[in-house]
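Trainee: I have the sequence and the model open on my screen, and I'd love some help reading them. Could we go through the points one by one?

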Amino acid sequence: MPLPIDYHNHPQAHSVRPYTPELLQPWADAARAKGLKQVAFTDHDRYKDGVDFNQIDRLRDANPDVIFLAGIELDNDPETGTAGRAWVEKNWDRLDFVLGSAHYLAPETEMFDQVTRKDEFARRDIEADCAQYLAELGGMLDRGGIDCLAHLDLIKIHGVWQPKLGSLQPYFEPILQRIKREGLAIEISTAGWRKPVNEQYPHLDLIRLAHEIGIPFTLASDAHSHAQLAEHYDRLEPMLGELGIREVATYKRHQRTMLAL
Ligand SMILES: [Zn+2]
Ligand SMILES: [Zn+2]
């Protein structure tokens with residue numbers, strides 16, 4: 001049976017494109033074709049003005065065989081983050097699922113995960129960048145209003161970091177312990193397989209540790225087009241089997257239910 005959920009998707013991609021049947025229906029068609037049972041729409045909070053809960057309801061009515069979650073990817077954008085968080089608070093009861101992520105390393109105002117920044121990162125002190133990244137994630141958790149953390153070790157994206165400590169585990173263990181304490185989930189994302197690092201998020205060492213301490217997982221492609229839905233799930237499925245992950249977290253109105261694979 002195909003993996004049943006894709007919990008990180010961007011119908012609007014990289015601009016405000018208001019939700020309409022024309023925008024959303026291709027996502028339902030692609031979900032059905034790929035055997036997905038549940039799809040979460042998690043556009044970036046900076047494009048919140050395009051999100052329309054009534055249009056998601058309309059899509060649900062037209063496609064009762066697939067469950068659609070109303071969601072958002074809330075990040076630490078220094079310009080839009082505050083308004084994004086206020087929007088999440090205001091719409092909390094209409095949202096099923098909120099992803100939290102850090103795409104910015106203060107005081108920078110440019111996303112660090114732009115692939116065009118690879119050469120720059122090859123020259124940077126990524127140990128220091130990782131410390132800043134973890135502080136940014138910690139800030140997201142301090143502010144709250146999140147169900148699940150997206151691409152937990154995104155800082156590795158450029159594929160140029162040789163961690164001095166040998167493994168990512170010592171860097172990320174404290175935040176994983178905090179995620180566990182706060183009852184949140186993390187996603188296993190195939191998006192890293194289309195980035196220079198060429199590795200799923202997070203690293204296997206982190207998935208193993210998270211699994212060991214009992215953090216639940218969602219599954220995600222971080223699709224920016226319906227064509228990318230469930231991308232590389234054929235590669236992810238045997239990996240989950242080897243890791244002994246036999247259930248995934250699903251959400252409705254922020255309530256988690258585990259679903260057997
Ligand atoms: Zn992201
Ligand atoms: Zn995303």
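Trainee: Let's start with His10: is it buried or exposed?

Mentor: Happy to help! This is a predicted model in which local features need pLDDT of at least 70, side-chain atom pairs count only at pLDDT 80 or more, and totals for chains, interfaces and linings use all residues, while side-chain values use heavy atoms, with hydrogens and water left out. The relative accessible area of His10 is 0%. Buried means under 20% relative accessible area, exposed over 50%, and partly exposed in between (1.4 Å probe, protein chains only), so His10 is buried.

Trainee: Which residues coordinate the zinc ion (ligand 2)?

Mentor: Residues are numbered from 1 along each chain as its sequence is written, with chains lettered from A and ligands numbered from 1 in the order in which they are written. Donors are N, O and S atoms within 2.8 Å of the metal (3.2 Å for Na, K and Ca), and sites may look incomplete because water is not among the atoms. For the zinc ion (ligand 2), coordination is at 2.0 to 2.4 Å, by His8 (NE2), His10 (NE2), Glu73 (OE) and Asp222 (OD).

Trainee: What is the geometry of the site of the zinc ion (ligand 2)?

Mentor: Four donors are tetrahedral if all angles lie between 85 and 135 degrees; four are square planar and six octahedral if opposite donors are over 155 degrees apart and all others between 65 and 115; anything else is irregular. Here the angles among the 4 donor atoms run from 81 to 164°, and the site is irregular.

Trainee: How many residues apart in sequence are the parts that His10 and Asp222 tie together?

Mentor: The donor spacing in sequence is H-x1-H-x62-E-x148-D. Helices (H or I, at least four residues) and strands (E, at least two) are DSSP runs, numbered from the N terminus. His10 lies in the loop between β1 (5-6) and α1 (21-33), and Asp222 in the loop between β7 (217-220) and α8 (233-243), so the distance in sequence between the parts they tie together is 212 residues.

Trainee: Which residue bridges the zinc ion (ligand 2) and the zinc ion (ligand 1)?

Mentor: The zinc ion (ligand 2) and the zinc ion (ligand 1) lie 3.3 Å apart. The residue bridging them is Glu73.

Trainee: Back to Asp222: what is its phi?

Mentor: Asp222 counts as buried, at 8% relative accessibility. Most residues other than glycine have a negative phi. Asp222 is not a glycine, yet its phi is positive, at about 55°.

Trainee: What relative accessibility does His232 have?

Mentor: His232 is found in the loop between β7 and α8. Its phi is also positive, near 65°. His232 counts as partly exposed, with a relative accessibility of 27%.

Trainee: Which residue does a cis peptide bond join to Ala106?

Mentor: Most peptide bonds are trans. This cis bond has an omega of about 5°, and the partner sits in the loop between β4 (97-100) and α4 (118-122). Ala106 is joined to Pro107.

Trainee: And what is omega for the cis peptide bond between Tyr201 and Pro202?

Mentor: Pro202 lies in the loop between β6 (185-189) and α7 (204-213). For the bond joining Tyr201 and Pro202, omega is about -15°.
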